[in-house]
Amino acid sequence: MNKITTHQSALLRLVYLAFLIAVRLVVGRFSFGTTFLQISATFLVSALIGHWYGPWYAGLAGGISDVIGASLFPNGAFNPAFTVVAILSGVIYGWLLDYRRMPQISRWRIATLSVVVNLGINLVVNTLLLFYMYKTPFWPLFWTRLPKELIMLPIYYVGIYYLLKTVGRLRLTQRIVPEQWKKSEHP
């Protein structure tokens with residue numbers, strides 16, 4: 001690839017990020033469940049965004065995809081607190097999976113990510129938001145959601161681990177991410 005300018009690099013980064021946000025929205029359409037219990041594979045796309053873009057862009061992508069998804073495909077009432085949670089989740093994905101900090105795939109980082117996102121964000125924070133939003137008793141909702149999150153723990157771990165292994169094996173990071181991104185710090 002020819003040497004690209006800073007402006008071309010920024011535009012390329014924006015185009016790839018927009019594409020991944022679109023993919024996340026499409027994958028999110030194939031989720032199933034109720035308002036209180038939903039299962040989706042969007043975590044895989046979030047892991048890619050976090051891996052390639054780092055915490056700040058992954059948080060931005062999480063927020064943008066949440067707002068666009070809630071606008072285009074409403075599934076219950078919109079609550080901006082869920083957008084803040086999506087931003088926080090993206091930051092966590094980027095913080096734990098950023099390829100500049102993790103050139104080799106670290107199992108403990110993926111395990112930490114799985115626990116923090118599933119038990120911390122999805123179970124506790126989202127259940128608390130549903131409790132305030134729908135005035136549903138917290139503990140029955142918590143115990144209803146707990147088995148799903150415990151089942152999703154190994155699914156997150158295995159899915160993200162093999163996705164990043166495949167990305168490494170196919171050398172996608174070297175093909176997609178220009179050299180300027182690797183040297184520059186994300187804002």
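How many aromatic pairs does a search of the whole structure find? The search finds 11, and some of them appear in the close-ups below, all drawn from a predicted model.

**View A. Tyrosine 53 and tyrosine 57 make an edge-to-face aromatic pair.** Let us start with two rings whose centres are 6.1 Å apart and whose planes stand at 65 degrees to each other. Both tyrosines sit in helix 2, and because they are four residues apart there, about one helical turn separates them. Tyrosine 53 has 1% relative accessibility and therefore counts as buried.

**View B. Phenylalanine 131 and tyrosine 132 form a tilted pair.** Here the ring centres are 5.0 Å apart and the planes meet at 55 degrees, so the pair is classed as tilted. Phenylalanine 131 is partly exposed, at 27% relative accessible area. Tyrosine 132 is exposed, with a value of 52%. Take in the surroundings too: ring pairs join Phe131 and Tyr132 with Phe138, Trp139, Phe142 and Trp143 in a cluster.

**View C. Helix 3 and helix 4 pack against each other with their axes within 10 Å.** The two axes cross at roughly 175 degrees, which means that helix 3 runs roughly antiparallel to helix 4. From helix 3, the contact includes Phe82, Val85, Leu88, Ile92 and Leu96. From helix 4, the residues they meet include Ile110, Leu113, Val117, Ile121 and Leu129. Sorted by character, the residues of this contact are 18 nonpolar, three polar and one charged. Among the participants are Ser89 of helix 3 as well as Arg109, Thr112 and Asn126 of helix 4.

**View D. The largest nonpolar core brings together 21 residues.** Which residues have the most contacts inside this core? They are Tyr93, Leu97, Leu113, Tyr156 and Ile160. Four helices each supply at least two of the core residues: helix 2 (42-72), helix 3 (80-97), helix 4 (107-134) and helix 5 (138-169). Apart from this core lies another, of 14 residues, with Leu20, Leu25, Val167 and Val177 among them. As a general point, nonpolar side chains in soluble globular proteins tend to be buried together.

**View E. A close look at tyrosine 156 and the residues it touches.** Leaving aside residues up to four places away in sequence, tyrosine 156 touches Phe43, Tyr93, Ser114, Val117, Asn118 and Asn122. Tyr93 may look familiar from the previous view, where Tyr93 and Tyr156 are both listed among the residues with the most contacts inside the largest core. Val117 also returns from View C, as one of the helix 4 residues that meet helix 3.

Definitions and conventions: Residues are numbered from 1 along each chain as its sequence is written. This is a predicted model: local features need pLDDT of at least 70, side-chain atom pairs count only at pLDDT 80 or more; totals for chains, interfaces and linings use all residues. Side-chain values use heavy atoms; hydrogens and water are left out. A nonpolar core is a set of buried Ala, Val, Leu, Ile, Met, Phe, Trp, Tyr and Cys residues joined through side-chain atoms within 4.5 Å. Buried means under 20% relative accessible area, exposed over 50%, partly exposed in between (1.4 Å probe, protein chains only). Contact means heavy atoms within 4.5 Å. Rings of Phe, Tyr and Trp (its six-membered ring) pair if their centres lie within 6.5 Å; planes under 30 degrees apart count as stacked, over 60 as edge-to-face and the rest as tilted. Axes are lines fitted to C-alpha atoms, for helices over the stretch in contact, and angles run from 0 to 180 degrees between N-to-C directions. Angles under 35 degrees count as roughly parallel, over 145 as roughly antiparallel, 65 to 115 as roughly perpendicular and the rest as oblique. Ala, Val, Leu, Ile, Met, Phe, Trp, Tyr, Cys and Pro count as nonpolar, Asp, Glu, Lys and Arg as charged, and the others, Gly among them, as polar.
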